[in-house]
Amino acid sequence: MGLTVLSGPSGVGKGTVVAAVRRLFPDVWVSVSATTRAPRPGETDGVEYHFVDDDRFDRMVKDGEFVEHATFAGNRYGTPRAPLERRLDDGLPALLEIELQGARQVRTAIPSARFVFLTPPSWDELVRRLTGRGTERPEVIERRLARARVELTAEPEFDAVVVNDDVEAAAARLVSLLITE
Ligand SMILES: Nc1nc2c(ncn2[C@@H]2O[C@H](COP(=O)(O)OP(=O)(O)O)[C@@H](O)[C@H]2O)c(=O)[nH]1
Ligand SMILES: Nc1ncnc2c1ncn2[C@@H]1O[C@H](COP(=O)(O)OP(=O)(O)O)[C@@H](O)[C@H]1O
């Protein structure tokens, strides 16, 4: 049981499925990324993300503090190296929820990781979910949907594909992948 990387287009339900995975499998450790995105209502610094400004993000990049980092829809995101390495050194399961460019960097840095792609039942359903969440302005949704079209073509790069039709079923499938050698 090592590292599992979960990717998939914005709005597919990664956050929702990861929350269900935590309930089914409380031993899983989920990395907390750093981001320059502004917190959404209800998000707490250090819980969903470490919210940092651009200067701090630059310094973290320069100091080699990230396993991977990428810009997504105008904001920067990165996986802090030290907590992940501690967890993997102890041989415990770890989960990263990151976008495609970051997943590709992890594939190079940690080739033994397992890569899982979460996909929507249909394009229209993805649009409905991203719009229905109501957390982004229309132009941000457009940017994320444009990016989603690109990300969906990368599905064949992944070791496993999970369709997020039903949240609990998708979460159970992800847990089974997390605990498989
Ligand atoms: N490369 C990379 N992507 C990340 C990281 N943390 C989050 N992301 C991805 O960045 C994208 C945008 O995340 P966010 O703004 O929280 O929106 P949401 O995932 O649609 O709720 C998603 O695809 C996340 O999986 C990270 O540390 N590195
Ligand atoms: N299986 C599902 N069926 C219907 N709606 C879903 C499902 N999974 C997630 N959602 C909804 O879709 C929206 C986007 O989910 P979210 O977890 O924020 O996606 P992501 O983290 O991939 O951007 C949310 O409003 C969420 O409640």
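A residue counts as exposed if 12 or fewer other C-beta atoms lie within 10 Å of its own, and as buried if 20 or more do. The views below show a predicted model.

**View 1. The two sides of helix H1 (14-24).** Gly15 and Arg23 are exposed on one side of the helix. Lys14, Val17 and Val21, by contrast, are buried. Seen down the axis of H1, the buried residues fall within an arc of 70°, so they line one face of the helix. An α-helix has 3.6 residues a turn, so residues three or four places apart point the same way. The cover over the buried residues of H1 includes strand E1 (3-7), strand E7 (94-97), strand E8 (114-119) and helix H7 (167-178).

**View 2. Serine 10 and glycine 11 in the loop between E1 and H1.** Serine 10 has 21 C-beta neighbours inside 10 Å and therefore counts as buried. Glycine 11 has 23 such neighbours inside 10 Å, and so counts as buried. Leaving aside neighbours within four places in sequence, serine 10 is in contact with Leu130, Arg144, Arg147 and Ala148. With the same exclusion, the contacts of glycine 11 are Leu126, Arg129, Leu130, Arg133 and Arg144. An unreviewed UniProt entry places the feature "binding site" at Gly8, Pro9, Ser10, Gly11, Val12, Gly13, Lys14 and Gly15.

**View 3. The surroundings of ligand 2.** Around this ligand there are 13 residues, of which Gly13, Lys14, Gly15, Thr16 and Arg129 come nearest. The elements that give two or more residues to this shell are H1 and helix H5 (123-133). By residue class, the shell around ligand 2 divides into two nonpolar, seven polar and four charged. Lys14 is also one of the buried residues of H1, whereas Gly15 is exposed.

**View 4. The surroundings of ligand 1.** Ligand 1 is surrounded by 17 residues, and the closest are Ser33, Tyr77, Ile98, Glu99 and Gly102. Two or more residues of the shell come from each of helix H1, strand E5 (66-72), strand E6 (75-80) and helix H4 (100-109). Four residues of the shell around ligand 1 are nonpolar, eight are polar and five are charged.

**View 5. Antiparallel pairing of E6 with strand E3 (residues 33-35) and with E5.** E3 and E6 pair over two bridges in the antiparallel sense, while E5 and E6 pair in that sense over six. Glycine 78 of E6 is the bridge partner of alanine 34 and also of histidine 69. Between E5 and E6, which form a hairpin, there are two residues. In the turn, alanine 73 has a positive phi of about 45°.

**View 6. The open sheet of five strands.** The strands are ordered E2-E7-E1-E8-E9, with parallel pairing. Strand E2 (29-30) and strand E9 (160-163) are the edge strands, each of which pairs on one side only. E1 and E7 run parallel and are joined by four bridges. Leucine 6 has glutamate 97 in E7 as its bridge partner. E1, E7 and E8 are also among the elements that cover the buried residues of H1.

Terms used
Residues are numbered from 1 along each chain as its sequence is written. Chains are lettered from A and ligands numbered from 1 in the order in which they are written. This is a predicted model: local features need pLDDT of at least 70, side-chain atom pairs count only at pLDDT 80 or more; totals for chains, interfaces and linings use all residues. A residue is near a molecule or strand if its C-beta atom, placed from the backbone, lies within 6 Å of it. Ala, Val, Leu, Ile, Met, Phe, Trp, Tyr, Cys and Pro count as nonpolar, Asp, Glu, Lys and Arg as charged, and the others, Gly among them, as polar. The arc is that of the directions from the helix axis to the C-beta atoms. Two residues are in contact if their C-beta atoms, placed from the backbone, lie within 7 Å. UniProt positions are given in the numbering used here, feature names are shortened, and annotations may be inferred rather than shown by experiment. Two strands pair if DSSP finds at least two bridges between them.
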